[in-house]
Amino acid sequence: MSGVLAIVLVLGGMIFFHELGHFLAARFLGIGVKIFSIGFGKALFSWAGKKTVYRLGVFPLGGYVDLVGMRKDEEVEAPFTPSESYSAHGPSARLLTVIAGPFFNIVLAWFIYWGLIWGGNSLILPEVGAIMPGSPAETAGFQEGDRILSVNGRGVFSWDDLRYQVQNSQGRSLEVRLRRYEGNESTLQVVPMAMQAGEEGRERTFYLLGLSASGSFVEASFFRAALEGFKEAWSKTLFIMDLIRRLFTSELPLAENLGGPVLVVQTVHQQATHSGLEGVLKLTALLSINLGLLNLLPIPALDGGHVLFNLAEVIFRRPVPDRIQAVCVHFGFIFLIGLMILATAFDIFRLAG
């Protein structure tokens with residue numbers, strides 16, 4: 001039951017924050033909102049506010065905010081006025097409304113890291129404890145007490161950061177900037193070693209330096225935790241952006257790294273049953289950032305497609321014709337459905353070994 005509850009709360013939380021971003025931006029900019037819905041299909045719960053209807057749909061894998069006048073030919077009905085139409089606003093206001101959803105997904109991740117760090121024992125410092133004999137770390141010259149500052153020029157703020165960047169290297173040489181125990185800074189070159197782990201037929205390749213953390217944690221005040229949480233969220237955002245880039249440029253094998261709803265549900269359930277609340281919250285933060293960034297891809301059926309149309313209007317000083325937008329959105333939906341089917345197929349193949 002804890003696993004099922006975690007799945008509902010994680011997916012619902014991410015979707016709620018995403019749609020809340022669109023909703024708050026629209027209301028702030030004077031754009032009317034007809035429906036705020038978490039989930040699709042028949043309403044399990046519905047409440048009519050002053051102007052907006054709030055719904056909880058039977059299918060939780062998604063949500064939407066229905067804005068007034070999304071189409072130019074749409075008739076604006078009471079209690080809304082023509083001035084509250086989405087189409088009546090300039091491209092800058094529409095752009096902010098669209099971007100607010102993905103932005104709030106990253107804000108959610110920041111809040112999660114903020115709360116965990118303020119809790120006092122969730123952010124392990126990137127400080128070297130033991131070094132495995134004969135490992136790449138020992139060969140490169142790492143020492144106990146070294147504080148990792150950056151990898152290939154990208155800042156490292158936690159031990160998780162270091163793990164993600166080493167794994168993301170896919171075995172390529174890394175330039176590691178560190179501060180020695182006595183205070184001097186040094187730069188080392190190290191090539192991670194590859195190891196296979198997992199059940200037979202489902203092995204995955206992991207990349208390691210041969211280091212273990214010293215176990216030191218960040219002890220932070222409320223405001224220091226906010227700063228460290230922001231750093232952690234930003235670092236994970238850069239990591240996922242790079243991961244998405246490498247998937248689309250075929251640097252990473254699609255079949256091993258593309259996952260769909262089945263993988264998400266399975267991973268959340270595993271975290272809930274084996275890692276507890278902290279593991280679920282960390283996974284939620286990662287998934288939320290991932291959801292926000294994927295929504296910004298320039299695919300017409302996603303938020304990124306609306307960003308593209310509005311940017312084109314800003315640059316060329318004229319809106320993209322409605323017919324072209326409709327055709328692009330149509331093909332965008334076809335592409336997304338195909339991608340979802342492919343991702344789900346990969347999930348099933350992985351489950352079947």
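This report walks through a predicted model of one protein chain, from its overall build down to a few single residues.

**The whole chain**

The chain has 353 residues, and 42% of them count as buried. Its secondary structure comes to 10 helices and 10 strands. If you want a box for it, the C-alpha trace spans about 70 × 45 × 45 Å along its principal axes. As for how the chain links up with itself, take the contacts between residues at least 6 apart in sequence: 63% of these join residues at least 24 apart.

**Helix α4 and its partner α5**

Helix α4 covers residues 159-168, and eight of its 10 residues are buried, so the rest of the structure largely encloses this helix. The buried ones are W159, D160, D161, L162, Y164, Q165, V166 and N168.

One of the helices that α4 packs against is α5, with an angle of about 10° between them and their axes 11 Å apart. An angle under 35 degrees counts as roughly parallel, and α4 and α5 are therefore roughly parallel to each other. On the α4 side, D160, D161, Y164 and N168 make the contact, meeting E232, S235, K236, F239, D242, L243 and R246 of α5. Sorted by type, the residues of this contact are three nonpolar, two polar and six charged. The spacing of such residues along a helix has a simple background: an α-helix has 3.6 residues a turn, so residues three or four places apart point the same way.

Helix α5 itself runs over residues 222-248 and also holds L238. With a relative accessible area of 24%, L238 is partly exposed. From L238 to G279 it is 41 residues in sequence and 21 Å in space, C-alpha to C-alpha.

**Helices α7 and α8**

G279 brings us to α8, because G279 is among the residues of α8 that touch α7. Helix α7 spans residues 261-274, which makes 14 residues, and reaches 20 Å from its first C-alpha to its last, close to the 20 Å expected at 1.5 Å a residue. Just after α7 comes G276, with a positive phi of about 75°.

How are α7 and α8 oriented to each other, parallel or antiparallel? Their packing angle is about 155°, with the axes 6 Å apart, and α8 covers residues 276-295. Angles over 145 degrees count as roughly antiparallel, and that is therefore how α7 and α8 are arranged. In the contact, V264, T267, V268, Q271, A272 and H274 come from α7, while α8 supplies G276, G279, V280, L283 and L287. This time the split is six nonpolar, five polar and no charged residues.

**Backbone oddities**

For background, most residues other than glycine have a negative phi, and most peptide bonds are trans. The table collects a few places that are worth a look in the backbone.

| Site | Backbone value | Location |
|---|---|---|
| Q170 | positive phi, about 55° | loop between α4 and β6 (174-179) |
| R317 | positive phi, about 60° | loop between α9 (303-316) and α10 (322-352) |
| A78 and P79 | cis peptide bond, omega about 10° | P79 in the loop between β2 (53-67) and α2 (91-118) |

Neither Q170 nor R317 is a glycine. Q170 sits just after α4 and is partly exposed, with a relative accessible area of 30%. R317, in turn, counts as exposed at 77% relative accessibility.

**Around strand β4**

Which loop holds D146? D146 lies between α3 (136-140) and β4 (147-151). Its relative accessibility is 0%, and since anything under 20% counts as buried, D146 is buried. The D146 side chain reaches the backbone nitrogen of Q143 at 2.7 Å. Leaving out residues up to four places away in sequence, D146 touches P126, E127, V128, L178, R179, R180 and Y181.

S150 is in strand β4 itself. S150 also counts as buried, at 15% relative accessibility. Again leaving out residues up to four places away in sequence, S150 touches G155, V156, E175, V176 and R177.

Technical notes. Residues numbered from 1 in each chain as written. Predicted model: local features only at pLDDT ≥ 70, side-chain atom pairs only at ≥ 80, totals over all residues. Heavy atoms only, no water. Helix = DSSP H or I, 4+ residues; strand = E, 2+ residues; numbered from the N terminus. Expected span 1.5 Å × (residues − 1). Buried < 20%, exposed > 50% of the residue type's maximum accessible area, 1.4 Å probe, protein only. Polar contact = N/O pair within 3.5 Å; in protein donor to acceptor, adjacent residues only side chain to side chain. Contact = heavy atoms within 4.5 Å. Axes fitted to C-alpha atoms, helices over the stretch in contact; angles between N-to-C directions. Parallel < 35°, antiparallel > 145°, perpendicular 65-115°, else oblique. Nonpolar A, V, L, I, M, F, W, Y, C, P; charged D, E, K, R; others polar.
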